[in-house]
Amino acid sequence: MDVDALHAQLDAAMSACSDAKSMRAATVATLSEAQVTARGIISAFFEDNPLAARRVTRSYSYLTDCLVRATFYVAQKYLHPISNPTESERLAVMAVGGYGRGEMAPYSDVDLLFLTPYKVTPWAESIIESMLYILWDLKLKVGHSSRTVKDCLRLGREDFTIRTALLEHRMVDGHAPLAEDLDAQLWGKLFHNTAAEFVEAKLEERAERLKKNGGQRYIVEPNVKEGKGGLRDLQSLYWIAKYVSGVKTVDELVELDVFTQDELQNFRQADRFLWATRSHMHLIAKRATEQLTFDLQVDVAERMGYRDTAGRRAVEHFMQDYFRHATRVGELTRILLTDLEERHVKQEPAIIGFLRNARRKRLKKGYVRRKNRLDVADTQAFLSDPLNLLRIFEEALRTGYFIHPDAMRLIAANIDMVRELEGNKVAARIFLDTLLKHGNPERALRRMNELGVLGAIIPDFQTIVAMMQFNMYHSYTVDEHTIQTISHLAQIEREELIEELPVASSILNEGLNRKVLYVALLLHDIGKGRAEDHAILGAKMARYIAPRLGLNREECDTVEWLVRYHLLMSDMAQKRDIADPRTVRDFAKAVKSVKRLNLLCVLTVCDIRGVGPDVWNNWKASLIRALYRQTRRGLEDGMEDLNRNERGSEAKKNLRAALPEWDKKALNREVARHYPPYWQGLHVTAHSDFANLLRDIPTDEIRIELTPDEDRDATRACFAMADHPGIFSRMCGALALVGANVVDARTYTSKDGFATAAFWIQDGDGHPYDIGRLPRLKTMIYKTLMGKVLAREALAPRDKIKKRERSFVVPTSVTFDNEGSEIYTIIEVDTRDRPGLLYDLARTLSETNIQISSAVIATYGAQVVDTFYVKDTFGLKFHATSKQALIERKLREAITRGSERARA
């Protein structure tokens with residue numbers, strides 16, 4: 001931008017104006033045109049050079065300088081001219097904060113400090129007011145303050161946020177001596193000898209900020225500015241270094257022996273990547289936005305040149321790079337903070353002080369305690385044996401010390417030595433001891449992963465490091481998820497989850513092969529990120545990785561089987577009707593032994609809990625628990641114990657006990673009116689509800705009972721009414737209309753022609769309905785079922801996919817299974833979830849004259865698997881290929897229509 005030419009334009013525009021109002025309007029018009037042109041040029045350059053973040057941020061900062069200077073020029077020369085200013089009528093326009101640093105994203109705030117020698121005079125107030133109005137009219141988001149140098153010093157002492165902003169001050173225009181005086185006073189009176197308190201304040205502020213933003217580096221929708229490993233962390237490093245050491249650039253930290261040249265390079269690369277990401281986000285959103293939401297991730301990845309590859313989307317490659325840079329930022333933060341401790345500028349963490357005062361185990365030869373952390377005594381001796389690069393992690397766990405950052409740098413710099421240990425028997429033993437012997441392996445694994453040791457000793461693991469899975473189900477990257485699963489296993493072993501996980505805890509109490517279980521968890525997702533099914537590929541990898549880790553032949557076979565079938569129990573429990581004896585028999589046939597069942601059950605629990613903080617709930621727990629207990633019973637006592645008649649007799653006996661006030665005749669009539677599947681598919685509490693609903697029910701009445709089912713984290717909705725075609729879909733429509741999420745459903749017809757249907761529903765947050773809402777909910781459902789509200793029409797405006805979720809692509813698959821149930825065909829529909837989907841599918845099946853017996857719904861973020869147990873009007877299965885093809889076509893058409901409506 002040619003500043004002289006811009007000022008000449010403004011001079012010409014001012015000459016045609018007669019008053020202040022028209023001058024301000026002409027200034028805004030001239031500067032708006034210049035701004036649009038300049039922004040267009042920067043944007044076009046950035047599109048062609050999507051990683052040139054440094055030039056882009058400097059360009060936006062320079063553009064803002066030009067606009068501020070031009071505004072000051074007009075305000076001084078035309079709006080409030082003063083021929084002979086007094087000493088008090090001086091003004092310096094200062095940039096502070098990010099703008100002062102000269103780094104701006106497209107829609108960053110413009111932080112200005114108007115500096116005056118004394119109290120603000122009427123002239124200075126007028127200048128400031130006019131400038132602000134013009135800048136606001138230019139649609140700039142301006143943060144401003146008017147202060148004297150004394151004010152800056154006083155407020156800087158009181159408020160560390162103000163002090164940080166002042167740390168990065170820069171004069172944009174105005175009276176230079178004022179700016180020079182501020183700089184001298186800040187460094188001489190405010191910053192001098194206050195480094196320790198500033199560092200502590202910044203670290204406290206960082207801890208609070210990270211807490212607000214989830215506290216995790218691997219959050220799937222990270223805040224690029226404020227999140228862990230984000231730009232604010234990098235900026236904090238620079239602020240602290242500048243405050244403590246007076247550096248003007250990060251490069252000077254190499255000269256001060258704080259960073260190595262490689263670490264400086266990591267800083268630059270992370271800084272460039274994060275600024276590029278943030279700038280693209282602003283341009284896409286056309287506003288300031290810092291949360292890298294799912295929809296933005298797709299667009300940013302495309303703008304930054306990422307492309308889809310076999311098995312992985314472009315957005316997943318982009319996010320993997322994002323998390324790798326975030327990890328490096330964490331390493332740099334750790335290095336700087338330790339350096340500050342060494343210089344006594346920063347206090348040691350409270351936990352370190354506590355550990356120093358506690359009784360500790362004696363260190364093995366070759367290690368020393370430095371600043372209460374584990375360090376290497378002699379670098380040369382340590383590196384003479386590559387096994388030491390693994391031993392240090394076990395020693396840290398054994399003694400309870402954290403590893404000193406200098407030792408971590410030594411390991412990272414010599415990672416090639418670890419790669420040479422692949423297949424080494426002693427290395428395998430040390431690694432397994434680290435996993436199995438000290439009770440908290442996740443701490444060592446996380447550090448090994450961050451330093452690249454895990455990927456060096458198991459090369460296939462490197463592929464999943466920082467790998468993001470682009471869906472709404474997984475909260476963590478694949479490597480972090482793996483470490484989380486191991487953390488959950490260690491918690492169960494430490495007996496911390498006995499109340500929450502009684503079955504898994506009792507299995508571990510009985511005893512199993514811990515080595516097999518830990519290795520299986522470590523490898524269960526190692527096949528992700530390729531085109532092949534990750535469970536099949538992972539099993540193939542486990543076949544050669546497990547022996548290298550020192551497992552014997554039988555253990556290797558079990559690990560391979562567990563990796564291959566690590567989703568089996570979860571799928572059976574969540575996608576099949578476990579009340580059907582055939583489900584349990586098929587699962588038992590696949591598992592074969594109680595030993596494998598025990599291993600798979602614990603692995604499944606840890607795997608689900610490791611997906612995210614809110615994924616495991618009572619509903620999933622009850623399904624896994626029921627499947628485990630029934631399968632174990634079948635494996636130990638014989639499969640005949642699982643037949644329908646056996647379970648039916650027990651259920652009838654339980655109902656009689658639950659209704660002591662009923663006379664014998666009424667009880668006999670209730671027991672006789674139902675077919676066998678009814679008795680084996682429901683709990684006695686549901687049988688009691690239905691008995692009361694059906695008692696003396698007329699054929700023209702609909703009865704509903706809503707009951708909290710705390711064991712399943714859901715509300716049970718029981719319906720009783722005269723049976724007729726399409727009743728199941730009508731109930732689905734009624735529930736969808738009130739915003740209920742159906743997680744399971746059973747429907748039965750009594751011998752005297754009444755439909756009894758049980759639905760387990762949750763609110764929009766995945767919880768049971770509050771008991772106070774149940775009466776109104778019941779009334780709304782009743783109105784829909786009575787035809788007072790047409791579900792299809794009423795649902796249309798509600799059946800929408802949120803904007804941030806539209807980027808998720810879930811391919812639809814429809815499968816038919818005639819072997820999984822003795823009397824039903826199982827239709828499994830795997831597709832993109834949306835509010836009215838179950839209703840659309842159920843209605844389509846009903847319109848095709850298909851009887852729905854039960855529906856099992858398993859949701860995985862944006863993906864849902866709706867499984868229907870069905871038969872035709874004659875009570876037969878669907879064996880004909882032509883009939884299956886017709887049903888699949890109609891279901892796909894319904895899904896497509898609904899999807900188009902939801903995205904409209």
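Helices here are DSSP runs of at least four residues (H or I) and strands are runs of at least two (E), numbered from the N terminus. On that count, this predicted model has 40 helices and 14 strands.

**Start with the whole chain.** Zoom out until everything fits: the C-alpha trace spans about 110 × 80 × 50 Å along its principal axes. Of the chain's 904 residues, 56% are buried. Switch on a surface and you are looking at about 38,800 Å² of exposed area, with carbon and sulfur atoms supplying 49% of it. Colour by charge, too: there are 130 positive and 125 negative charges, and their mean positions lie 2 Å apart.

**Next, select Ile392, Phe431 and Val559.** These belong to the largest nonpolar core, which has 243 residues, and they touch the most other members. Stay on Phe431 and show what surrounds it. Leaving aside neighbours within four places in sequence, its contacts are Leu445, Met448, Leu454, Ile457, Ile458, Leu522 and Leu549. There is also a second, separate core of 46 residues; pick out Met721, Ile761, Ala842 and Leu845, which are among its members.

**Now go to residues 741-749.** This is strand E9, and seven of its nine residues are buried. Add residues 754-762, strand E10: the two pair antiparallel over eight bridges. Four residues sit between the strands of this hairpin, and Gly753 has a positive phi near 85°.

**Last stop: residues 851-860.** That is strand E13, which pairs with E9 in the antiparallel sense over three bridges. Which residues should you click around Asp744? Its bridge partner in E10 is Trp760, and it stands opposite Val856 in E13.

Note on methods:
Residues numbered from 1 in each chain as written. Predicted model: local features only at pLDDT ≥ 70, side-chain atom pairs only at ≥ 80, totals over all residues. Heavy atoms only, no water. Core = buried A, V, L, I, M, F, W, Y, C linked by side-chain atoms within 4.5 Å. Buried < 20%, exposed > 50% of the residue type's maximum accessible area, 1.4 Å probe, protein only. Contact = heavy atoms within 4.5 Å. Pairing = 2+ DSSP bridges. Areas by Shrake-Rupley, 256 points an atom, 1.4 Å probe, with all protein chains shown as cover. Lys, Arg positive; Asp, Glu negative; His and termini not counted. Charge placed at Lys NZ, Arg CZ, Asp CG, Glu CD.
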